[in-house]
Each structure stands twice: as structure tokens, then as C-alpha cells.
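Biologist: I'm new to this one, so could you walk me through it? Let's put it on the screen and go piece by piece.

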Amino acid sequence: VMFVCCCSEDQQAVEVPILQLGSALEGKDGPCQRQSPDPSKELALRFVKTPKTDSVGLAVDFYDGEKLHISDVGLGLADDYNKACDPKQQVRVGDYVICVNGISGHAGEMLKSMKSEKEVELVIRRPLEWTVKLERDAANGLGMKLGWSIQSRSCVIIALSEGPVTAWNAHHPHEAIRLNDRIIRVNDQPGRCTELLAHMQRSSTCELTLSRPAPL
């Protein structure tokens, strides 16, 4: 594996550790939770900003530029919502925000909308997680290139090359590793990206737990 931090100083500067969405999950439209095609895999939530409540308290990683990966649920309205709702419907670390006010596929615009709009509608997708076991190749490492944000708790796969990963994909097409998949644990150990990388560097056999938004 190539341990390449593809996060420039400019990218570090725009990282948003806490989303300032504000809002109580209530209002004239009724319940905050809206209908989703598969409630076990997707939540549709509405937040309305108020002067009194102005922070949702979600820390996100938007390194892949397409979606927001929730790395922490801190104090704020998301935490309040979690305390009041059915545990099965809670917002969780590892979930993905895939749409904000109808915007999807453009993480920067999604963040901008969340910060600027009074009413914020989020579509949150549960993760699909699976584990692969790779033997390091002396010549090619693991055969993938990784990128990350400084405060991230995962590494994003940004390129694949010939090696253990492509061999895994050939033999396990239903569990194939793709670009923009995230490594969230190494040898069953979670941590910040630097910790995950250290585990990979020390191991000749790497058990990687990966994540991507679950398909509906």
C-alpha cells in the first residue's frame, strides 16, 4: 500500500469538524423523520435552525468530495434527537450523509447548504461494512493508494494497482474493493488515519474492515 496523504494545506484549512446546522427537529411539517425507501438503511431528517439551537454536533469527513462520512456525534441536536428516538433510527458514527437539500454528489456544496440554509433536509445512509484479509506483497505492498483528512477516522482508497487488492477482487467479486471505499479498521483496531496506517505498516497480513454507503 502506498501511504500517501493527499491532503494539502488548503484542504486541511477547509475541514469542518462540527457542522453548524442548528435547529430543533420540529415545526409545522410535523415529525422530523420522513419516509425512506428502506428505513433500516436510510434516514431522511429535517432540521430547522433557531437562535436558541444552532449546532447539530456532527463531525464529518468529506475527503472523497462526493459525500460526508460521520466521524463523531457530539453534543448538539443530533445527540438530542438520538436520545429521543428509537435506537434503530439514531444517527451513528460511520453513517454517510448522501444528500442535503436535494444536493448530492458534491460534498462542498452539501456543506455550504447545511451552513447557509435555515431549513436543512438530510438523507443519511447506513454503511455497508465487510472485512478482507490481504498478504503484503514484497514488490507491490497491498496495491492501493490512500488519502485522508487530518482528523479523519478512516482512509479513502484513491487508486488501485497490481497486487494483493486486485487479486482479492478477482477471487471475491461480490466483496471487491473499489475506489472511494473507506478503511475503518485494521486488524479489528479502529483509530485515526495515522493509527490505521501504522497498523498496516507493521503487519505482513492485514485484515481490513471497509465501508461504503449501503445499497438500497
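Biologist: Which side chain does the side chain of Lys-67 make a polar contact with?

Modeller: A word on the source: this is a predicted model, where local features need pLDDT of at least 70, side-chain atom pairs count only at pLDDT 80 or more, and totals for chains, interfaces and linings use all residues. Residues are numbered from 1 along each chain as its sequence is written, and side-chain values use heavy atoms, with hydrogens and water left out. A polar contact is a pair of N or O atoms within 3.5 Å; within protein, one must be able to donate a hydrogen and the other to accept it, and residues adjacent in sequence count only if both atoms are side-chain atoms. For Lys-67 the distance is 2.7 Å, and the partner is the side chain of Asp-64.

Biologist: Is Lys-67 buried or exposed?

Modeller: Lys-67 lies in the loop between strand S4 (58-61) and strand S5 (68-73); helices (H or I, at least four residues) and strands (E, at least two) are DSSP runs, numbered from the N terminus. Lys-67 also touches residues farther off in sequence, including Tyr-96, Met-110, Asn-180 and Pro-213, where a contact means heavy atoms within 4.5 Å. Buried means under 20% relative accessible area, exposed over 50%, and partly exposed in between (1.4 Å probe, protein chains only). Lys-67 has 11% relative accessibility, so it counts as buried.

Biologist: Asn-180 was among those neighbours. What is the phi of Asn-180?

Modeller: Asn-180 sits in the loop between H4 and S11, and it is partly exposed, with a relative accessible area of 22%. Most residues other than glycine have a negative phi. Asn-180 goes the other way with a positive value, near 75°.

Biologist: And where is Leu-179, and how far is its C-alpha from that of Asp-64?

Modeller: Leu-179 is in the loop between helix H4 (164-171) and S11. Leu-179 touches Ile-157, Ile-158, Ala-159 and Leu-160, leaving aside residues up to four places away in sequence. Leu-179 and Asp-64 are 115 residues apart in sequence, yet C-alpha to C-alpha they are 9.5 Å apart.

Biologist: Why is Cys-155 not bonded to Cys-193, and how many disulfides are there?

Modeller: A disulfide is counted as a pair of cysteine sulfur atoms within 2.5 Å. Cys-155 is buried, at 0% relative accessible area, and its closest cysteine sulfur, in Cys-193, is 5.6 Å away, so that is too far for a bond. The number of disulfides in the structure is zero.

Biologist: Now the largest pocket: which strand gives the most to its lining?

Modeller: A pocket is found on a 1 Å grid over the protein atoms alone, as an open set of points where a 1.4 Å probe fits, with protein on both sides within 12 Å along at least five of seven lines; lining residues have an atom within 4 Å of a point. Of the 15 residues that line the largest pocket, His-69, Val-93, Gly-94, Arg-153 and Ile-184 are the closest to its centre. S5 and strand S11 (182-186) each supply at least two lining residues. The top contributor, with three residues, is S5.

Biologist: Last one: what share of the protein's residues is buried?

Modeller: The protein has five helices and twelve strands. Of its contacts with a separation of 6 or more, 67% come from residues 24 or more positions apart. Out of 216 residues, the buried share is 48%.
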